[in-house]
Amino acid sequence: MPPKIQDKGLNPAMAACVLGIDLGTSSVKTILLQEMEQGPTVISSCARETRAQVESPSAGPQGNEQDVRKIVAALNDCLAGLPQQLLGRVCRIGVSGQMHGVVFWKTGQGCKWIESGHGWTFEPEEVSHLITWQDGRCSSPFLSSLPQPQSHLSVATGFGCATIYWYLKNSPDFLKRYDAAGTIQDYVVAMLCGQEKPQMSVQNAASWGYFNTTSKSWNMDILKESHFPIHLLPEVVQPGELAGETAYVWHQIPKGTEVGAALGDFQCSVYSCMSDSTNAVLNISTSAQLTLLMPSGFQPADSPNPRSPLAYYPYFNNTYLVVAASLNGGNVVATFVNMLVRWMAELGLQVPESDLYPRIISAALAQTDTDLNICPTIFGERHMPERLASVMGIAASDLSLGHVTRALCHGVVQNLHSMLPSQHLKEAGVTRILASGSALGKNEVMRQEVEKAYPFPVLYGRNVDSAVGAALAMLRRK
Ligand SMILES: Nc1ncnc2c1ncn2[C@@H]1O[C@H](COP(=O)(O)OP(=O)(O)O)[C@@H](O)[C@H]1O
Ligand SMILES: O=C(CO)[C@@H](O)[C@H](O)[C@H](O)[C@H](O)COP(=O)(O)O
């Protein structure tokens, strides 16, 4: 059963609780989960936008980088926003986050611990930017020049190992500055535990490429032969294993609190709600994923199919999820909002983004249908990087904000549907969709489009589901 939510009117006994953290692409979410009579219950939550996007000094406009300091600052703000007396009762910490990306740091100098108004916190020190899953520096010719992985997963731009190969070729001196690397969630876990070298769960290792999920090992021979800096590869552990214990008091969380090896955000959003294989799980946050649990015993093919819109990612207990992972989710709407803000600024009007969301959503709610046809893939898709966005059927009568916003949300959902259609879900025995993510939770138009596209009941969770899943994985640990 999915955990209950009970933010208000709570009288928690002095029981221990688990802190769940999700380091998302747009925001950090934190929750406190406690085992209660009615089952695991979220007793408090706090989310903060990171606003961490920065220019990419090395890759220019193709790059997509985030300032790790801003991500950690948002995390610290979240912790400060949770009830401090509850933090003192945290006995375990589960962490998830955006997959595929890579951050580099110098061991022993990855952060410094400082005392602030809210107790001890850490601040990043000798750390690179996070090069995210949205990074586009690895062109198709570059990717074709790389060795063929020995894995069922192909390698795409934005995958950790592809990014490291890019630096090896284009800026080898950059790599010489660092001796450790991981996803942003691996970095945070390593800093909390005061670890010299990070650990990485199979879920995140698979997302870097050049990782064989059957043997659960990096493609060492292939990587060594091509002079890949293998010393940067983290040690890999099973999802659900502990990475270590907190090395310091963190905010009010006691020193010695157990910390799980970091997990993938989409696996955690599934873990927070999936009760059986008749559920499909939909998450639309910055990106969008629709996923199903594969039967136990399923093993993926030996070699990748880069043209398939579906991928098989490791879940828990040696099982797999099949996922349509779209690079075009809430980020498409966010880009539209940002474009409007910039156009208005050029026209001499200053309007904050936060004012625009409710306006475009209410305009589209009033426009229940449109013939305007937007293919929204402004970020390409991994299986079809060359197909960018397009608009068809532009009639003079369909140019209102309502038409365009409705068509944009319709396009995002239709694109995902083209990757994993209803028919496939029906054949897999799906009877309902469990949905989460801010781009659904905060956008009724997107919810309407999902309900129109898929002929199943859709049940909505909250926007903190990956954080709940990360905490639940730790709570259920024996
Ligand atoms: N005020 C808002 N109204 C509607 N949608 C919003 C609003 N703010 C953010 N969003 C949507 O939420 C998305 C980010 O979701 P979030 O859950 O924070 O992402 P992540 O989990 O990737 O960090 C944005 O891309 C945007 O589409
Ligand atoms: O690309 C995949 C899986 O291959 C994504 O599902 C994966 O979860 C990544 O972490 C996301 O793209 C980032 O997640 P989010 O911040 O958009 O929630």
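Select Thr286 and ligand 1: an N or O atom in the side chain of Thr286 lies 2.5 Å from an oxygen atom of the ligand, a polar contact in the sense of a pair of N or O atoms within 3.5 Å. The model is predicted, so local features need pLDDT of at least 70 and side-chain atom pairs count only at pLDDT 80 or more, while totals for chains, interfaces and linings use all residues. Residues are numbered from 1 along each chain as its sequence is written, chains are lettered from A and ligands numbered from 1 in the order in which they are written, and side-chain values use heavy atoms, with hydrogens and water left out.

**Ligand 1**

Remain at ligand 1 and add Lys29, whose side chain places an N or O atom 2.5 Å from an oxygen atom of the ligand. Next, display the backbone of Gly330, where a polar atom is 2.8 Å from an oxygen atom of ligand 1. The ligand exposes 580 Å² when taken alone, and the protein buries 86% of that; these areas follow the Shrake-Rupley method with a 1.4 Å probe.

Now select the whole shell of 15 residues, in which Ser26, Ser27, Lys29, Thr286 and Ser438 are the closest; a residue belongs here if one of its heavy atoms lies within 4 Å of the molecule. Strand E3 (27-36), helix H10 (330-346), H11 and helix H14 (438-441) each give two or more residues to this shell. The largest contribution, three residues, is from H10. Helices (H or I, at least four residues) and strands (E, at least two) are DSSP runs, numbered from the N terminus. By class, the shell holds four nonpolar, nine polar and two charged residues, with Asp, Glu, Lys and Arg counted as charged and Gly among the polar ones.

**Helix H11**

Select Ile361, which is situated in helix H11 (residues 353-366). Is Ile361 buried or exposed? Ile361 is buried, its relative accessible area being 11%; buried means under 20%, exposed over 50%, and partly exposed in between, with a 1.4 Å probe and protein chains only. A distance label between the C-alpha atoms of Ile361 and Leu401 will read 9.2 Å, although the two residues are 40 apart along the chain.

**Ligand 2**

Proceed to ligand 2 and its 15 surrounding residues, of which Thr25, Met99, Asp265, Ser285 and Ser287 come nearest. Three side chains merit display: Ser287 has a polar atom 2.7 Å from an oxygen atom of the ligand, Gln289 has one at 3.0 Å from an oxygen atom, and an N or O atom of Arg382 is 2.8 Å from an oxygen atom. Of the 430 Å² of accessible area that ligand 2 has on its own, the protein covers 97%. This shell comprises five nonpolar, eight polar and two charged residues.

**The six-stranded sheet**

Select the open sheet ordered E22-E23-E21-E20-E26-E27, which has mixed pairing; two strands pair if DSSP finds at least two bridges between them. At its edges are strand E22 (311-314) and strand E27 (458-460), each paired on one side only. Strand E26 (residues 432-436) and E27 run parallel, joined by three bridges. Within E27, Leu459 is the bridge partner of Leu434.

**Helix H4**

Finish at helix H4 (residues 160-170), where eight of the 11 residues are buried. Among them are Tyr165, Trp166 and Tyr167.

Definitions and conventions
Polar contact = N/O pair within 3.5 Å; in protein donor to acceptor, adjacent residues only side chain to side chain.
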